[in-house]
Amino acid sequence: MTSPTPPCAPEDVRRVACVGAGVIGGGWVAHFLARGYDVTAWDPAPDAEPKLRRLVDAAWPALTRLGLAEGACANRLTVAATLQEAVADAQFVQESAPEKLELKRNLLRRLDAAAPAGVVIASSTSGYPMTDMQTEAADPGRLVVGHPFNPPYLIPLVEVVGGERTSAGTVAWASRFYEVAGKSVITMDREVPGFIANRLQEALWREALHMIANGEATVREIDASITEGPGLRWAFMGPMLTFALAGGEGGMAHMLDHFGPSLKSPWTRLEAPELDRKLYDAVVAGCDEAADGRTIADLVAERDRGVIDVLRATGRLPRQRTAGEAAE
Ligand SMILES: NC(=O)C1=CN([C@@H]2O[C@H](COP(=O)(O)OP(=O)(O)OC[C@H]3O[C@@H](n4cnc5c(N)ncnc54)[C@H](O)[C@@H]3O)[C@@H](O)[C@H]2O)C=CC1
Ligand SMILES: C[N+](C)(C)CC(=O)CC(=O)[O-]
């Protein structure tokens, strides 16, 4: 699929548009501002602007602690009145609208019609393949998935993957752009449901819901089983190498000989549990109980401090670079 060439190199981007400014769109706004970009945001909700500014204000202390890029400033955010105005001058567009397929298809069609020719448009979708979302756009070649993790201003990973009609150049451009913008990128060469990390997280999530539905574990126990257990290792060594060490001197080969056969044991549940009212209420009540009086804002601040501490402790603070530095 051929598309017009992006008007500038990833290293030369100065102006980013964020469309959809909720939890993730707002998080992207905070990230790009902290990295020294000019950011224009658009969101159709009547209360979107104050909510967005509150999110950026709440994130700024963590971002300041991490170290802002030269010239980075929350005042470099403009909230546009229309989608067209938001993307008119953009050199990159990040879409973070609700996870509804028809809405995404329609929105990507409108963004494609409004953005300057060749500008790469990435979707934050947490699961839709781009092939299913790019069906209405006149230039599907410039549409790509850039899947972030919450909050995008602290968690480095972005999974980049194109659809069947995305050009190879778009995938390469987006991957490089995210790197320049301080992200840690995995570029996938094919579409996989849930990409990589969500496919793994969803397996964990499915089992957690089964355990709550069956009364086998509480919300607190499930969370503690990760934060006091494997989560400590996963912050710096993934599940594969971690398990290779479970095989002692025999490494992964011994681990597979020893534990591989048990993968087929009957406790492996392959079906999603029914998310009925009872399970829904149990999960919500369990989270309220586990929060122990802490508000969502308290938990966000606690999470942000914790992620920075982990990044610092494991020597993985993102490199600080201004929007222009990489071009030098
Ligand atoms: N919440 C999360 O942890 C993560 C979410 N994502 C993805 O990010 C995207 C956004 O999710 P959230 O930020 O969580 O949702 P959200 O509900 O917090 O925000 C969505 C925003 O989109 C706005 N919106 C509604 N219709 C729109 C339209 N037609 N055009 C533009 N904006 C519109 C809403 O007013 C709202 O502010 C989804 O695709 C989701 O799958 C990706 C990674 C993590
Ligand atoms: C819950 N979620 C599926 C939307 C989560 C993600 O997509 C990534 C994350 O932040 O864990």
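**Close-up views of a predicted protein model**

**Figure 1. The loop that holds Pro-151 runs between strand 6 and strand 7.** The structure shown is a predicted model. Within this loop, Asn-150 and Pro-151 are joined by a cis peptide bond, and omega there is about 0 degrees. Strand 6 covers residues 143–147, and strand 7 covers residues 157–162. Tyr-153 also lies in the loop between these two strands.

**Figure 2. The surroundings of Tyr-153 show a residue that counts as buried.** The relative accessibility of Tyr-153 is 7%; because the limit for a buried residue is under 20%, Tyr-153 falls in that class. Leaving aside residues up to four places away in sequence, Tyr-153 touches Gly-27, Ala-30, His-31, Leu-55, Ala-59, Leu-63, Leu-66, Val-300, Arg-303 and Asp-304. Helix 1 spans residues 23–34, helix 2 spans 48–66 and helix 13 spans 296–313. Ser-262 stands 109 residues from Tyr-153 in sequence, and the two C-alpha atoms are 40 Å apart in space.

**Figure 3. The largest nonpolar core of the protein contains 41 residues.** The members that touch the most other members are Val-29, Phe-32, Tyr-37, Phe-92, Phe-177 and Tyr-178. Two or more residues of this core come from each of several helices and strands, including strand 1 (15–19), helix 1, strand 2 (38–42), strand 5 (120–123) and helix 6 (168–180). Helix 2 gives the largest share, 7 residues.

**Figure 4. Glu-95 is a buried residue of strand 4.** This strand takes in residues 92–95. Glu-95 has a relative accessibility of 0%, and therefore counts as buried. With residues up to four places away in sequence left out, the contacts of Glu-95 are Val-19, Lys-104, Leu-107, Leu-108, Leu-111, Ala-122, Ser-123 and Ser-124.

**Figure 5. Phe-195 and Asp-292 are two residues other than glycine with a positive phi.** For Phe-195 the angle is about 55 degrees, and for Asp-292 it is near 55 degrees. Phe-195 is placed in the loop between strand 8 (184–187) and helix 7 (197–213), whereas Asp-292 is placed in the loop between helix 12 (277–291) and helix 13. Phe-195 counts as buried, at 2% relative accessibility. Asp-292 is exposed, with a relative accessible area of 57%.

**Figure 6. Gly-238 occupies the loop between helix 9 and helix 10.** The two helices cover residues 230–234 and 239–245 respectively. Gly-238 has a relative accessible area of 35% and is therefore partly exposed, as this class lies between the buried limit of 20% and the exposed limit of 50%. Leu-68 is 170 residues from Gly-238 in sequence, and the distance from C-alpha to C-alpha is 28 Å.

**Figure 7. The whole protein is the setting for the views above.** The secondary structure consists of 13 helices and 8 strands. The C-alpha trace spans about 55 × 45 × 45 Å along its principal axes. The radius of gyration is 21 Å, which agrees with the value near 20 Å for a compact globule of 328 residues. Of these residues, 43% count as buried. Among contacts between residues at least 6 apart in sequence, 72% join residues at least 24 apart. The accessible surface is about 17,000 Å², and 58% of that area belongs to carbon and sulfur atoms. There are 33 positive and 43 negative side chains, with the centres of the two sets 2 Å apart.

Notes: Residues numbered from 1 in each chain as written. Chains lettered and ligands numbered in written order. Predicted model: local features only at pLDDT ≥ 70, side-chain atom pairs only at ≥ 80, totals over all residues. Heavy atoms only, no water. Helix = DSSP H or I, 4+ residues; strand = E, 2+ residues; numbered from the N terminus. Rg over C-alpha atoms; globule rule 2.2 N^0.38 Å. Buried < 20%, exposed > 50% of the residue type's maximum accessible area, 1.4 Å probe, protein only. Contact = heavy atoms within 4.5 Å. Areas by Shrake-Rupley, 256 points an atom, 1.4 Å probe, with all protein chains shown as cover. Lys, Arg positive; Asp, Glu negative; His and termini not counted. Charge placed at Lys NZ, Arg CZ, Asp CG, Glu CD. Core = buried A, V, L, I, M, F, W, Y, C linked by side-chain atoms within 4.5 Å.
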